[in-house]
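Please open the model in your viewer and keep the selection tool at hand. The tour below moves from one selection to the next and says what to look for at each stop.

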Amino acid sequence: MSDTLPETDREEMMARHRKEKKELQSKIQSMKKMKVDKKKKKEVQDEIASLEMEIEQRHAEEMNRLNISEPTGGPNPQDDNSEENGEPNATEKSEQRASKAQRRREKKAQDDRERDARIKQEEEVLSKTSPRVIENNRINEILNKRGIMSHAVPADGDCLYNAISHQLALQGIGSYATPELRTMAADYIEANKDTMICYMSNPDTGDMLSPEEFAKYCHQVRATKSWGGELEIKALSSGLQCPIEIIQAVGPSTVHGEEESSDRKLILTYHRHMYRLGEHYNSTQPLPTRSADENED
């Protein structure tokens with residue numbers, strides 16, 4: 001009875017292995033049918049490869065342990081025939097399958113790395129000539145010469161007000177939330193209608209704004225995410241009693257409120273090409289100071 005036990009164990013193990021592989025294939029098919037984005041799809045593929053490798057290695061180890069535990073006194077005729085015919089036994093076949101699967105995974109991973117490297121290289125070449133990069137490089141050159149750097153603010157329609165709020169806090173002038181600055185700008189424009197309306201026109205016709213259109217414009221400044229421009233900069237410069245300098249890539253910088261104290265100057269950057277939605281304002285801040293160790297280097 002003990003002579004037949006190892007063979008029974010082998011058959012049971014092989015049957016279990018076949019069942020586990022079948023269940024794994026069913027699981028893999030379900031994973032492949034999942035609707036996911038590109039990044040998640042790669043994670044799913046990696047998980048599938050890991051599951052396949054794990055089951056192949058585990059099956060090979062179990063088969064190897066069974067072979068070691070079998071009696072050595074009576075050679076298995078089937079194994080003898082395999083060796084005589086030059087054919088690999090079950091363990092060797094399992095190891096070969098695992099090795100082939102590993103090589104396929106390694107080749108696929110290498111192909112993915114090479115493809116990603118090519119895409120990155122092409123993007124870098126294109127980015128160097130993009131209007132956005134050219135504009136940013138020019139603005140950064142101007143800022144660097146003045147010992148300052150750009151401070152990014154969100155492109156959410158409030159960029160002008162967020163940039164000015166950052167500058168006011170940085171200069172220690174005061175803390176103003178965006179709604180406060182919008183209200184200040186709208187109040188100033190309404191109070192100085194006769195002067196301000198000369199700089200305002202209907203974007204479709206080019207005509208001067210009607211009283212209704214003027215009121216609507218002030219409401220949008222005060223209560224919506226409408227983008228702020230030179231009109232609002234002029235209004236805030238007067239309301240805050242701060243000169244506001246706008247640095248841009250092309251042409252000299254402009255200063256609104258030059259008659260105000262230069263000690264309260266706020267410095268912003270203006271970008272035409274930073275976002276597809278349109279123009280954008282950023283704030284600025286001093287360049288970080290270098291430590292003594294960095295200066296020695």
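What follows is a tour of a predicted model, beginning with confidence and ending at a single side chain.

**Confidence**

Begin by colouring the protein chain by pLDDT, whose mean is 82, with 80% of the residues reaching 70 or more. Then select residues 1–5, where pLDDT stays under 50 and the model has zero contacts beyond four places in sequence. Residues 72–84 also stay under 50, and for this stretch the model has three contacts beyond four places in sequence. Where pLDDT is low, the predicted coordinates should not be read in detail.

**The sheet**

Next, show the strands, five of which form an open sheet in the order β1-β5-β4-β2-β3, with mixed pairing. At its edges you will find β1 (148–151) and β3 (254–256), each of which pairs on one side only. If you look along the sheet, the twist averages 35° from one strand to the next.

Starting from β1, select β5 (residues 278–286) as well: the two strands run antiparallel and are joined by four bridges. Within this pair, H151 stands opposite S283 in β5.

Move now to β2 (244–247), which pairs with β4 in the parallel sense over four bridges, and whose residue I247 has T269 in β4 as its bridge partner. With β3, by contrast, β2 pairs in the antiparallel sense over three bridges, and here I244 stands opposite H256. β2 and β3 form a hairpin with six residues between them, and G251 in the turn has a positive phi of about 85°. Just as worth selecting is Q241, which lies in the loop between α10 and β2 and has a phi near 60°, a positive value in a residue other than glycine.

Are the residues on the two faces of β2 buried or exposed? Both faces are covered, since I244 and I246 on one side and E245 and I247 on the other are all buried.

**The helix across the sheet and the cores**

Add helix α5 (residues 131–145), which lies across β1, β2, β4 (266–275) and β5 and runs at about 165° to β4.

To look at the interior, select I164, I189, L236, I244, L268 and Y281, which touch the most other members of the largest nonpolar core, a set of 30 residues. The elements that give two or more residues to this core are α6 (159–170), α7 (178–191), α9 (211–223), α10 (230–240), β2 and β4, and the largest share, six residues, comes from α6. In soluble globular proteins, nonpolar side chains tend to be buried together.

Centre the view on L268, whose contacts beyond four places in sequence include L160, A163, I164 and Q167, as well as I244, I246 and Y281. A second, separate core has seven residues, among them I139, I142, I247 and I267.

**Last stop: H271**

Finally, select H271, which lies in strand β4. Is H271 buried or exposed? H271 counts as buried because its relative accessible area is 3%, which is under the 20% cut-off. Show its side chain together with that of N136, with which it makes a polar contact of 3.4 Å, and then with that of T269, to which a polar contact of 2.9 Å joins it. Beyond four places in sequence, the residues that H271 touches include E135, N136 and I139, along with G278, E279, H280 and N282.

Note on methods:
Residues numbered from 1 in each chain as written. Heavy atoms only, no water. pLDDT = per-residue confidence, 0-100. Contact = heavy atoms within 4.5 Å. Pairing = 2+ DSSP bridges. Axes fitted to C-alpha atoms, helices over the stretch in contact; angles between N-to-C directions. Core = buried A, V, L, I, M, F, W, Y, C linked by side-chain atoms within 4.5 Å. Buried < 20%, exposed > 50% of the residue type's maximum accessible area, 1.4 Å probe, protein only. Polar contact = N/O pair within 3.5 Å; in protein donor to acceptor, adjacent residues only side chain to side chain.
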